[in-house]
Amino acid sequence: MRTIIFTMLVCLLNAGLTSAQVLQKGQAVFSFNWQNRVAEVIDVRNNSLACTGTNWAAPACSNTAAITQPSNWSLSRMGAIFGIAIDDKGDVFFASSPILGPAIVSDTGIIFRADGANLNTVSDFILNTNTYGPVIKTNTIPNNKNGFGNIAYDRWYQQLFATNLLDGKIYRISGVGSASGTVESVFTPPFNTFNGDINSPVKPGERCWGIGVNLDNDGVVRVYFAREMPYPSLGEVWSVALDGAGEFIASSAILEFQGPNATKITDLAFAPGDRMLIAEREGPHSSEVWQYHGTHLAWAPENQHVTVGSGSGRNCAGGVDYGYRQSPNDIMSLGDCSRLIWASSNAIRLDVLAVYGICAVPSDPYTGTYLQNAIMVDMDGDTINQSKGVMGDVEIFRDDCGRIDICDYLDVSAEKTDDPNAGECCWKFSLTNEYLDDYFTGVQFCGLDGVQLSYSGVIPTWDVVQHVPTSVTVTPHNGNIPIDHFPDLLQLCLSGYSSSPQRVVVKWLGPDPHQSVVCMDTLEFDCGGNANPRCVRAVEDSLVCKNGQYTYTFKIKNNAPFNVQSFVITPLDPNIQVTPGLVNLTPPGIAPNTTSGYFSVTLTGSGLIPGQPFCFYLTAHDQPVLNGNFPHACCTDSVLVDCLPIPKCDPCDGVAISAAPVGSPDPAGGCCRSLSITNNYLPGYFTGVQVNGLGGVQISYVSGWAIQPPVTPSSVTFIPPGGTLGTATYNGFADICLNGFTTPTQQFVVNLLGPNGEVICSDTFLTECPPPPPPTCAVAVKDSLWCEGGQVKYTFSLMNAVANTFDIYSFQLLLSDPAGIQVSQDYFILSTPLPPGLMAGPFTIDLWGSSVQAGNPFCFAIAAHDGIWGGDPDEYPRTCCIDSVNVHCLPIPNCGGQDSCCMPSGIQMPTGLSPNGDNLNDVFVVKGIEKCKEVSLTVYNRWGNVVFHQDQYDNTWGGTNQSGNDLPQGTYYILLTLHDTGSTMAGYVDLRRL
């Protein structure tokens, strides 16, 4: 009897509305697909007395959650829907979607609006069009029954956003408050490649699902959208900013984070200020809800997913939102609008009851079990039979209430100290974090308006991870800042200023991987005068040039109150580099008031302009700087800047080029030279070697180096492995053979090319080779082998020799290696006869075959005819000639750089490494290098020191140095060299041992 009464009550609650109903603040709207119903309103406001762990809509609960079903919220009226959005007036918007079974989409409506004054009044807010074309300022969106991912309401600009599953784009829609909407603009995400074919919708990797709008901590309204990825790749959450008119700023689109364990994130929701929910819809009992804290580019997930449903707690159906926690005994006095997390679920409880619908758990950490805290509402009141797979989205009608400003929970203060050893203007800084444990990763102190910073007295539980004259960055040992007060965290001494007041900006850095600045405080100080901490000076110094290299030699005079065990040279000009920039000394270092012996460093860079000053700061430390760890006391003498004039320095003084004879001449009868280069100038400065024949001299070549197109008969450019010359000797890197000359003395020039491909150094060489015999038939002239898209091509002109006796009507290429090299055309008919002594062309053909390899010779002779062969063996031309002495050979160029699978565009380097044994990011895996024959990896610390190198990198580096010892946490710089193409790629990796 009880079951019958309960069923009758549910039927009455779910009956169509007979009078106008207005959505109330705190109520929920829930989408599904069940018995011609697609959505309902659930009154979840009176939840302080809600029974937990069971169906709150059951009569057994004294405070029953009422469920109402407007009759027009039906499958026959709207088709299958998923996404829901609610505006400030209580209008409810529904988006068609195929996610709940067949994509049943109305022939007219695709986004629907239920009027807030009468929820049963449903209009076609946006219409569907089956034609893909311009839609701006219309009320149509092309869809072809693919449906939408989700929709979101923007309360700041009173507009809607929808993710379209057809083209993967995001539509901005105005007209909220009216029965019909208008498409104002369309945003194309950076990863979208839709080609306009309405019958070919985008696939995972190119389309968006979940979407939400948030006012971030920096005061900017952003649209957040979820990129669905193909399994097993993780889904991504991106954002794009809106301008003052609510329009997309397309250039601001950026990846915020990867989902922790999801490929399809179908819903996003925000609590005011600093919290975000993401919901996924995956396989049974494997769909999660996660709560994040933070703001733009600084989102951090909680330690574990939000428990939704029984068993694994991973039973989300794809919808999620924040909701009110009602104040006790008063339904009209709603509490904080984000105290509850509501989620749709296909398995809220599956033991003694079968609850399918929506459930809520506290958004803050709670005690007790899930069943003790969870509020559950079954969709249809049937807790015996399971209604699997039909649940959709959930949305709570709520205000933008209780906004949180992260920066309100932080504090920084400074107290002046009297430290005669440190300087005249020193302050001890204290920090307080009352926001979240382990959210912030560090704090950076930056001097403004020329203020320089020296530091000391860092508390033992913190480390300095970055220091230059203008800034200092500190972080706790474990890399994250707990909730706590940190009195006298460190002492900073200010110097280098020329005006008052002095200002120091304190920046709180957010979580990995971006470590963006989340909050800033600016502190002002009145130091007076030009304070200068006692530190070190460079004395008895000189800057000279030898062998094309700048060398700076100096001694260190220690004026600091501590033993100097390391120091750093920081040029004022960022275009000048010093090697080594960091010098670690043998203990005990340089004692106070003493002078060291001589040090020498090398200077490089485009800022080294003769006659200009080389100026720099010296920063001294009381400990060696090892593996990127900073000492706890450093000083910078920033007022007394050291400067020296830069002398003249010719890079060519450090280079020697030679061209030695080679024993065997080329088949064409020319002469050959073996080229060698010794470079004592800067490593990485010269980018290529160019050889040019002079006075009509043509060049043939053989080299293991890459060839830079174009190649002409008289010019070729060689690119060294790695793309630049090191400080080394390159013996016999290329053999060149000269031809095409008619005099006994020949000339060619060897050019060294600089960073921008310009000629820096040149050497001219004379040779005395006997000229080849003159041609008696026809020869190829003005010819070259070159590359286009990985294809080897040959371009040439035909010269009819002066000694020939007839006009040429046609000619044929006779290949020396016809089995290994094929050509696209070997017989040519001239448009007009070619008399002796004249030239025709140019002609271009393609080469292919097993012998078309870089460095192999392409050799042929030419057979010339005085007529045209018509195909009949009896109709050969009457006269033919072949000049077999002048067999022509050219080396085949290296086209791998133009069509190699091993290209930088196909290589992906990760930016995070956490070798903690959890099989996630334990090793540095570079995607795409399996296509390369040889890849080398070099890892540098912050000081530019090589800490790890592997010639044949095999994707196994796990954050160790060359000796196999663990490197400390921090940022390391990566240089990847693709030897197949001579390309280099630079990046960084954030090493964390979580």
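**Note on a surface patch, disulfides and strands**

1. Ile868 sits in the loop between strands β59 (857-865) and β60 (880-882). Strands here are DSSP runs of E with at least two residues, numbered from the N terminus. This is a predicted model: local features need pLDDT of at least 70, side-chain atom pairs count only at pLDDT 80 or more, and totals for chains, interfaces and linings use all residues. Residues are numbered from 1 along each chain as its sequence is written, and side-chain values use heavy atoms, with hydrogens and water left out.

2. Ile868 is partly exposed, at 44% relative accessible area. The classes are: buried under 20%, exposed over 50%, partly exposed in between, with a 1.4 Å probe and protein chains only. Ile868 joins Tyr809 and Ile829 in a nonpolar surface patch. Together the three have about 270 Å² of accessible area. Areas come from the Shrake-Rupley method with a 1.4 Å probe; for residues, only the protein chains shown count as cover. Patch members have over 30% relative accessible area and no salt bridge; nonpolar side chains (Val, Leu, Ile, Met, Phe, Trp, Tyr) are joined within 5 Å, like charges within 9 Å. A salt bridge means a side-chain nitrogen of Lys or Arg within 4 Å of a carboxyl oxygen of Asp or Glu.

3. Now the disulfides. A search of the whole structure finds ten. The criterion is a pair of cysteine sulfur atoms within 2.5 Å. Three of the pairs are taken up below.

4. Cys407 and Cys519 are bonded, with sulfur atoms 2.1 Å apart. The S-S torsion is about -95°, so this disulfide is left-handed. Cys407 lies in the loop between β25 (391-396) and β26 (410-417), and Cys519 lies in β34 (residues 517-525), so the bond ties together parts 112 residues apart in sequence. The two ends differ in cover: Cys407 is partly exposed at 26%, whereas Cys519 is buried at 4%.

5. Cys615 and Cys643 form another disulfide, with sulfurs 2.0 Å apart. The torsion about their S-S bond is about 115°, so this one is right-handed. Cys615 is in β41 (residues 613-621) and Cys643 in β43 (residues 642-645), so the pair ties together parts 28 residues apart in sequence. Cys615 counts as buried at 14%. Cys643 is partly exposed at 43%.

6. Cys672 and Cys737 are also joined, again with a sulfur separation of 2.0 Å. Their S-S torsion is about 100°, so the disulfide is right-handed. The pair links distant parts of the chain: Cys672 in β45 and Cys737 in β50 (residues 729-739), 65 residues apart. Cys672 is buried at 4%, and Cys737 is buried at 13%.

7. Two cysteines without a disulfide deserve a look. Cys208 is in none; the nearest cysteine sulfur, that of Cys316, is 19 Å away. Cys208 is buried at 0%. Cys359 is in no disulfide either; its nearest cysteine sulfur belongs to Cys316, 8.2 Å away. Cys359 counts as buried at 2%.

8. β45 and β50 also share a sheet. Four strands form this open, antiparallel sheet in the order β44-β45-β50-β47. β44 (655-661) and β47 (698-703) stand at the edges with a single partner strand each, so one side of each has no neighbour in the sheet. Neighbouring strands are turned by 30° against each other on average, direction ignored. Axes are lines fitted to C-alpha atoms, and angles run from 0 to 180 degrees between N-to-C directions.

9. How many bridges join β44 to β45? Seven, with the two strands running antiparallel. Strands count as paired if DSSP finds at least two bridges between them. Ile657 has Ile677 in β45 as its bridge partner.

10. β49 (residues 715-719) is mostly covered: five of its five residues are buried. Ser715, Thr717 and Ile719 point one way, Val716 and Phe718 the other. In a regular strand the side chains alternate between the two faces of the sheet.

11. β49 has antiparallel pairings with β46 (residues 688-694), over four bridges, and with β48 (residues 706-707), over two. Asn692 stands opposite Ser715 in β49. Ile707 has Phe718 in β49 as its bridge partner.
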